[in-house]
Amino acid sequence: GKRVVRLKGGDPFVYGRGGEEVIACRRAGVAVEVTPGVSSAIAVPQSAGIPVTHRGTAASVHVVSGHGEVSAATLNTLGDAQTTTVMLMGVAAIPRIVSAALSHGIRGDLPVAIVENGHTARQRTTRTTLAAAVDDAARAQVRNPAVIVFGDVARADLLVPASAPAVGGVLQ
């Protein structure tokens with residue numbers, strides 16, 4: 001009659017090995033119930049004020065892992081102005097993805113946002129461009145855990161134009 005809970009932040013089926021754990025439990029005769037969570041690919045950018053889709057800016061999202069090679073599909077989505085690319089587990093991959101993207105002809109001024117420690121008191125966002133991302137990430141000493149957003153939704157002025165008046169020190 002005892003129950004075991006494996007609590008994981010985010011969605012256990014998005015790079016969380018949830019499927020592998022379900023298979024292992026079922027093979028061992030252990031009943032499993034999965035309660036979905038909100039993926040950090042969506043929640044962490046949101047906590048930094050970055051919508052992964054936004055009317056007139058991005059109509060789709062491509063979520064990738066920073067492990068492994070940069071795929072042709074990822075290069076194609078980086079070049080699609082209507083697609084946001086969100087990379088999880090990608091801090092070490094920044095030089096690799098930037099090099100591949102620039103070699104593929106992706107525009108160097110593509111906005112990039114690196115959101116570290118999402119939804120914690122230590123959350124920090126580094127905004128940069130594709131061409132400057134490697135140097136800016138090194139200068140900021142970016143560390144995992146981080147979610148990296150590539151696309152026009154990562155522009156600092158997307159939701160709050162730079163010309164918006166400050167009210168009480170807070171941009172409105």
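For sorting pocket linings, Ala, Val, Leu, Ile, Met, Phe, Trp, Tyr, Cys and Pro count as nonpolar, Asp, Glu, Lys and Arg as charged, and the others, Gly among them, as polar. The exercises below concern a predicted model.

**Exercise 1. Describe the second largest pocket by its volume, its lining and the elements that contribute to the lining.**

Solution.
1. The volume comes first: the second largest pocket holds about 400 Å³ of space.
2. Its lining consists of 19 residues, and those nearest the centre are Ser 40, Leu 88, Pro 145, Ala 146 and Val 147.
3. Two elements, α2 (40-47) and β5 (146-150), each supply at least two residues of this lining.
4. By class, the lining of the second largest pocket comprises ten nonpolar, seven polar and two charged residues.

**Exercise 2. Carry out the corresponding description for the largest pocket.**

Solution.
1. The largest pocket has a volume of about 740 Å³.
2. It is lined by 23 residues, with Val 4, Val 5, Arg 6, Val 32 and Glu 33 closest to its centre.
3. Twelve nonpolar, five polar and six charged residues form the lining of the largest pocket.

**Exercise 3. Determine which residues and elements build the largest nonpolar core, and place Met 87 within its surroundings.**

Solution.
1. The largest nonpolar core has 21 residues; Leu 78, Met 87, Ile 94, Ile 114, Leu 130, Ile 148 and Phe 150 touch the most other members.
2. At least two residues of this core come from each of α3 (72-78), α4 (94-103), β3 (111-116), α5 (133-139) and β5.
3. The greatest contribution is that of α4, with four residues.
4. Beyond its neighbours within four places in sequence, Met 87 is in contact with Val 64, Ser 65, Gly 66, Ala 93, Ile 97, Ala 146, Val 147, Ile 148 and Phe 150.
5. A further core of 15 residues lies apart from the largest one and includes Ala 41, Ala 58, Val 149 and Val 153.
6. As background, nonpolar side chains in soluble globular proteins tend to be buried together.

**Exercise 4. Establish how β3 is covered and how it pairs with β4 and β5.**

Solution.
1. Six of the six residues of β3 are buried.
2. Pro 111, Ala 113 and Val 115 point one way from the strand, while Val 112, Ile 114 and Glu 116 point the other way.
3. β3 is joined to β4 (residues 124-129) by six bridges, and the two strands run antiparallel. Within this pairing, Ala 113 stands opposite Arg 127.
4. β3 also pairs with β5, over five bridges and again in the antiparallel sense. Here the bridge partner of Ala 113 is Val 149.

**Exercise 5. Is Val 134 buried, partly exposed or exposed, and which residues does Val 134 contact?**

Solution.
1. Val 134 belongs to helix α5.
2. Its relative accessible area is 31%. Buried requires under 20% and exposed over 50%, so Val 134 is classed as partly exposed.
3. Leaving aside neighbours within four places in sequence, Val 134 is in contact with Ile 94, Pro 95 and Val 98.

**Exercise 6. Summarise the chain as a whole: its elements, extent, burial and contacts.**

Solution.
1. The chain contains five helices and seven strands, in the order α-α-β-α-β-α-β-β-α-β-β-β from the N terminus.
2. Along the principal axes, the C-alpha atoms fill a box of roughly 60 × 45 × 35 Å.
3. Of the 172 residues, 37% are buried.
4. Among contacts with a separation of 6 or more, 60% are between residues 24 or more positions apart.

Terms used
Residues are numbered from 1 along each chain as its sequence is written. This is a predicted model: local features need pLDDT of at least 70, side-chain atom pairs count only at pLDDT 80 or more; totals for chains, interfaces and linings use all residues. Side-chain values use heavy atoms; hydrogens and water are left out. On a 1 Å grid over the protein atoms alone, a cavity is a set of points where a 1.4 Å probe fits but cannot get out, and a pocket is an open set with protein on both sides within 12 Å along at least five of seven lines; lining residues have an atom within 4 Å of a point. Grid points are joined across faces, edges and corners, and a volume is the space filled by probe spheres set on the points. A nonpolar core is a set of buried Ala, Val, Leu, Ile, Met, Phe, Trp, Tyr and Cys residues joined through side-chain atoms within 4.5 Å. Buried means under 20% relative accessible area, exposed over 50%, partly exposed in between (1.4 Å probe, protein chains only). Contact means heavy atoms within 4.5 Å. Two strands pair if DSSP finds at least two bridges between them.
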